[in-house]
Amino acid sequence: MKKNGHILAVILCFALVVHGQNQKLMRTNESKFKQIDDLLPTPNEYRTASGAPGHKYWQQRADYHIKVQIDDSKQTLSGSEWITYYNNSPDVLNYIWIQLDQNIFSQHSLSNQIKTANEFTELSFQEYQNLLYPKDPGLGYKITTVKIDKTAVKDSPSNAKPAKYIIYDTMMRIDLPEPLKPNEIVKIQIEWNNKINEVRKHGGRGGMEYFEKEDNYIYQISQFYPRVCVYDNVNGWYHKSYLGRGEFNLEFGDFILEITVPADHIVGATGVLQNPKEVLTPTQFERYQKSQTVSEPIFIVTPDEAKQNETSRATTTKTWIFKAQNVRDVAFASSRKFIWDGAMLSFNNRKTHCMSLYPKEGLSLWDKYSTHVVMHTIKVYSRYACEYVYPVCYSVNGAIGGMEYPMISFNGGGRPDPDGTYSERTKYGLISVIIHEVGHNFFPMIISSNERNWTWLDEGFNTFLQFLTEQEWEKNYPSSRGFPDLITEYMKSTDQVPIMTNSESLLQFGNNAYGKTATALNILRETIMGRELFDFAFKTYCERWKFKHPTPADFFRTMEDASGIDLDWFWRGWFFTTDHVDISLESVELHVLKPKDPQIAKEIEKQKDISADRKTNILNHKEGGIKQYYTEQYGDKLKDFYNYYDKYKVYEIDKKEYLDYIKTLTPEEEKLLHQKAYIYHLKFKDIGGLLMPLIIKINYADGSSEIIKKPVEIWLKNEKEVVIEHVSFKEAVSFELDPNYETADADRFNNYYPRKIRTSEFELFKQKYNLWEGFRGNNLMRKYSNEVK
């Protein structure tokens, strides 16, 4: 009774200690399983606790009729627009904020004023010129007209009156002559002109690429028109200056876009071309129509036609007219250099005209892959996110490295060498950038988050689906982001901030917003939730918020609401901290049933003692040890019973006691007594701070193996250390934590028991590494083209 009482006391004492630890964690808010309610805004009638739009959710709308003209001799753009703004809010508005993104190129922009110095030991001539003359003084908007009309039905200046306005950096406030009440409409007329920035000199997300040899340009024009800021229940007017990194936050609307360019230019833009017969030759028009009936790309403008265009200089102009419905932005590309191909994607009872525009410099890569990649991307994203509802989709090659707009994306690089060959890196770099930029049609062009606040909410989601799309393109696709082990070095670094950081304050921008977010979602899908639950919840989020403005809280709440899984620990660790995953398999203990059979028990004892003797009686193992023991001088005189008793011998009394014991057992008990079992206690320690489920591979002596999994809740009672029990009827020889590299564990060395030897590799070299070749990748195509067919 005393013994049992002692055990009970120990159990109670342990329970109090654990309870005390949990109480301490809760009191100091240190618990990694604490709910994140305090980190999220309070749900309301606009945005519910389930993550869905509330019954009083509203958002504004802005329709645009835009007319622009490019002067190819001066590289300038002039434009006029009518904005029809719908006040769907319950608020009275006294002014409207407009985005003037071209002003970022001004010498006096906030973006330029906050630039800090960079260390350098060498500069290219272009870099030196940019340092001495950072911005062309002619860049930025020149606003010539701002008028307001609350009565006009059509886009007509007849009733429009000049409006008072003020410009601060990349924002313009237009004061309304009278308040705009709920459910009222106002029309705004703006006229402007600006020089077009050269991308390689001035940077930017749009601009022009100059081909000096031919004296030709490719224009990729974006953020080219004054755009209405978002007004919503989260921020009111969102008028944070455009600093370059944090992208855009825009309202949906219908657009008419009229683009006047030299008559020998080919144009692609957001929306459906309204006048193809007027701007194309009869042959090109015929091909244009045919491309809408075929499933594989055909040329609309052939390479020969594009080469001929390059030598022409039209003295007349043509106006290309596009219409787009329910989009948040428009962009366009124009050049006489463009080759044009297209095909029709028929998918889920929808048809999308997929097209590519590129110069002759892209031939052998662009004509082979671009439009196919566009079609593949739309199909995969539509399966995981929501339907691609737009009728066209362009991929355009130019100087812009990668930039996205509704129905059109600018995809740089990816041009082969002059002989038509290219490296593997160039090939897969092109495919990946097209997938990524076309994928942005879903995030944020349809699921329209605030990019300027939360880069990860579109870039991270897009990179996640980019990874899935790449893996479905071909077997063993070399994805650069998405696999958990690719993010571990970043997550161990000290030069980082949480994902939930404003876009302009991010460190290691790509790793943070793109890579870490994509990896987190991949781990959620593959390891935490499972594909079925994740896919349903993720698609629910996309369907709930398509053509609306979601926030991070709406995503977090929807994923839990639609899956039934408490994920607050995951959001807190992955999105609100800079902790990393490093869980160590500290030790493994084996527990076996002590045998009752004396034949077995005494043999085991003998082997143990032999092993112990080798370890401890070192005097017997070295030269010069004990020559003679004292008792040996006297023969048997100093010996007694214990000198003759053989503790390893099985005596008859041992056998009888064993048989008597067996008779006391039931058949079930006797079966258990003879059952050979191995009970392993595995001790794990959290080092990195980011808790994860335990996935353990056990390798057995017979050559077989198995994987066991413990959910993250195994850490609930002790977030620092946990011991799990595993029972097997086979002997284990080794253990490995996270065997399939699915939790982003940053230190693989402590995942093994027994430990493995750390291995590193080095190379010998004879000449200095060629940095340019390393950047472009090794062109194996040129090296082996005669042998590989």
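Helices, taken as DSSP runs of H or I with at least four residues, and strands, taken as DSSP runs of E with at least two, are numbered from the N terminus. The model shown is predicted, so that local features need pLDDT of at least 70 and side-chain atom pairs count only at pLDDT 80 or more, while totals for chains, interfaces and linings use all residues. Residues are numbered from 1 along each chain as its sequence is written, and side-chain values use heavy atoms, with hydrogens and water left out.

**View 1. A salt bridge within helix α18 joins Lys-656 and Asp-660.**
Both residues belong to helix α18 (residues 652–663), where they sit four residues apart, about one turn of the helix. Their side chains meet at 3.0 Å, N to O, which satisfies the rule for a salt bridge, namely a side-chain nitrogen of Lys or Arg within 4 Å of a carboxyl oxygen of Asp or Glu. Asp-660 is partly exposed, with a relative accessible area of 34%; here buried means under 20% relative accessible area, exposed means over 50%, and partly exposed lies in between, with a 1.4 Å probe and protein chains only.

**View 2. A salt bridge links Asp-561 to Arg-544.**
The closest N and O atoms of this pair are 2.7 Å apart. Because Asp-561 lies in helix α14 (residues 552–563) and Arg-544 in helix α13 (residues 531–545), the pair ties together parts that are 17 residues apart in sequence. Asp-561 counts as partly exposed, at 41% relative accessibility.

**View 3. Lys-56 and Glu-45 form a salt bridge.**
The distance from N to O between these two side chains is 3.5 Å. Both residues are found in the loop between α1 (2–27) and β1, and the pair therefore ties together parts that are eleven residues apart in sequence. Lys-56 is partly exposed at 45% relative accessibility, and Glu-45 is likewise partly exposed, with a relative accessible area of 31%. By the salt-bridge rule the count comes to 43, and elsewhere Glu-214, Glu-310, Lys-337, Lys-360 and Glu-361 are linked in a network of such bridges.

**View 4. Strand β1 pairs with β2 in the antiparallel sense and with β14 in the parallel sense.**
Two strands are said to pair if DSSP finds at least two bridges between them. Eleven bridges join β1 (residues 61–71) to β2 (residues 76–86), and within this pairing Val-68 stands opposite Gly-79 of β2. The hairpin of β1 and β2 has four residues between the strands, and in it Gln-75 takes a positive phi near 55°. Six bridges join β1 to β14 (residues 253–262), where the bridge partner of His-65 is Ile-256.

**View 5. Four strands form an open sheet in the order β9-β10-β19-β15, with antiparallel pairing.**
The edge strands, each of which pairs on one side only, are β9 (207–211) and β15 (266–269). Neighbouring strands of the sheet are turned by 10° against each other on average, direction ignored, where the axes are lines fitted to C-alpha atoms (for helices over the stretch in contact) and angles run from 0 to 180 degrees between N-to-C directions. β15 and β19 (residues 332–335) pair over four bridges, and the bridge partner of Gly-268 in β19 is Ala-333.

**View 6. Ser-335 is a buried residue of strand β19.**
The relative accessible area of Ser-335 is 0%. A polar atom of the Ser-335 side chain lies 2.7 Å from the backbone oxygen of Tyr-217. When residues up to four places away in sequence are not counted, Ser-335 touches Tyr-217, Ile-218, Asp-264, His-265 and Ile-266, a contact being heavy atoms within 4.5 Å.

**View 7. Ser-109 lies in the loop between β3 (93–99) and α2 (110–113).**
Ser-109 is buried, with a relative accessible area of 2%. Leaving aside neighbours within four places in sequence, Ser-109 is in contact with Asn-103, Ile-104 and Asp-169. The C-alpha atoms of Ser-109 and Leu-243 are separated by 8.5 Å, although these residues are 134 residues apart along the chain.

**View 8. Cys-386 and Cys-542 are not joined by a disulfide.**
The sulfur of Cys-386 is 5.8 Å from the closest cysteine sulfur, in Cys-542, and this is too far for a bond, since a disulfide is a pair of cysteine sulfur atoms within 2.5 Å. Cys-386 is buried at a relative accessible area of 0%, and Cys-542 also counts as buried, at 0% relative accessibility. A search of the whole structure finds zero disulfides.

Conventions. Polar contact = N/O pair within 3.5 Å; in protein donor to acceptor, adjacent residues only side chain to side chain.
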